[in-house]
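Q: I would like a close look at a single part of this model, set against the chain as a whole and against other parts that can be read in a similar way. Please keep each step of the reasoning explicit.

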Amino acid sequence: MNTHPNSDPGNDWCNEIAGLCTLDGAVKAQLAALPVQKLQKGHVLFRAGDLAQGFVIVLSGRIEVNLTGPSGRGILLYAVDPGQSCVQSTLGLMAEEAYSGEALAVNDLQIVVIPSGLFQRLMDAEAGFRRFVLGAFGRRMQDVTRLLEQVAFASIESRLAAALVDLAEAGVVQATQAELAARIGSAREVVTRRLDTFQRAGWVETDRGFVRIVNLAALQIAANVTISQT
């Protein structure tokens, strides 16, 4: 885990996390003693091939975990939002496997990293902590399963429309075409062509580094068309 943190005392951070706030007082005290680490936007938390050093819990900000194939084409596996944990860290700690993806801070982060030794002791001894970890793992696996379903069965148009709807803030998506391609598991050139189609239809306006939503309703309808030729 490549954090190089700027740390603050943990205080009562675990009281803010569903699933941890009800743990035994002695266990919570061990967790509360861990530092809250502050990481800047763009920080890489781990890369493919790294070994997991701890269990990451996000308190604020967002982490995105991407997988890159031999061709250099990437896909967004999942995002980790506040209160959530990273399935790749869980797999790495439980199965002693190296990371297969890369985790990037997409904005400024506050995280807590439970060191491997403490994680293993709590998994062995604390049923409440095990429920928290395995419940988070199950929810993350559902996200990955939904991603597989979308890539297998949904059209490029549907996936791109859904991504635009999901990412839009005040009617604007701040993302490059390469970033959109990684999010939906496609190539940048394909995304460029589909965005041109959307623009000709009057759904969006494109510029370097952002997409302006013109017809949100049309995109929402397109996002719900799950099966077609791609």
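A: Among contacts in the chain between residues at least 6 apart in sequence, 70% join residues at least 24 apart, and this is a useful background for a close look at α2 and its flanking loops. The model is a predicted one, and its chain is made up of 8 helices and 11 strands. For 230 residues, a compact globule would have a radius of gyration near 17 Å, and the 19 Å found for the chain agrees with that. The C-alpha trace spans about 60 × 30 × 30 Å along its principal axes, and 42% of the residues count as buried.

The part in question begins in the loop between β6 (74–80) and α2 (87–95), where Ser 85 has its place. Ser 85 has a relative accessible area of 2%, and it is therefore buried, the cut-off being under 20%. Leaving aside neighbours within four places in sequence, the residues in contact with Ser 85 are Phe 55, Val 56, Val 80, Ala 136 and Arg 140.

Moving into helix α2 itself, one comes to Leu 91, which has a relative accessible area of 39% and is thus partly exposed, since that class lies between the buried limit of 20% and the exposed limit of 50%. When residues up to four places away in sequence are not counted, Leu 91 touches Glu 96, Glu 97 and Phe 137. Leu 91 can also be related to Leu 134, which is 43 residues away in sequence, while the C-alpha atoms of the two are 11 Å apart in space.

Glu 96, one of the residues touched by Leu 91, is found in the loop between α2 and β7 (102–105). At 71% relative accessibility, Glu 96 counts as exposed, and its phi is near 55°, a positive value in a residue other than glycine. A phi near 55° is also found for Ala 170, which sits in the loop between α5 and β9 (172–173) and is exposed, with a relative accessible area of 84%.

Two other helices show how burial can be arranged around an axis. In α3 (residues 116–125), the buried residues include Leu 118, Phe 119, Leu 122 and Met 123; they cover an arc of only 135° around the axis, which puts them on the same side of α3. Arg 121, Asp 124 and Ala 125 are exposed on the other side of that helix. An α-helix has 3.6 residues a turn, so residues three or four places apart point the same way.

Helix α8 (residues 216–223) can be read along these lines too, with Ala 218, Leu 219, Ala 222 and Ala 223 as its buried residues. Their arc around the axis is only 135°, which places them on the same side of α8, and the elements that cover them include α5 (156–167), α7 (188–200), β10 (204–207) and β11 (210–213).

Returning to the part under study, the loop before α2 holds the buried Ser 85, the helix holds the partly exposed Leu 91, and the loop after α2 holds the exposed Glu 96.

Definitions and conventions. Residues numbered from 1 in each chain as written. Predicted model: local features only at pLDDT ≥ 70, side-chain atom pairs only at ≥ 80, totals over all residues. Heavy atoms only, no water. Helix = DSSP H or I, 4+ residues; strand = E, 2+ residues; numbered from the N terminus. Rg over C-alpha atoms; globule rule 2.2 N^0.38 Å. Buried < 20%, exposed > 50% of the residue type's maximum accessible area, 1.4 Å probe, protein only. Contact = heavy atoms within 4.5 Å. Arc of directions from axis to C-beta.
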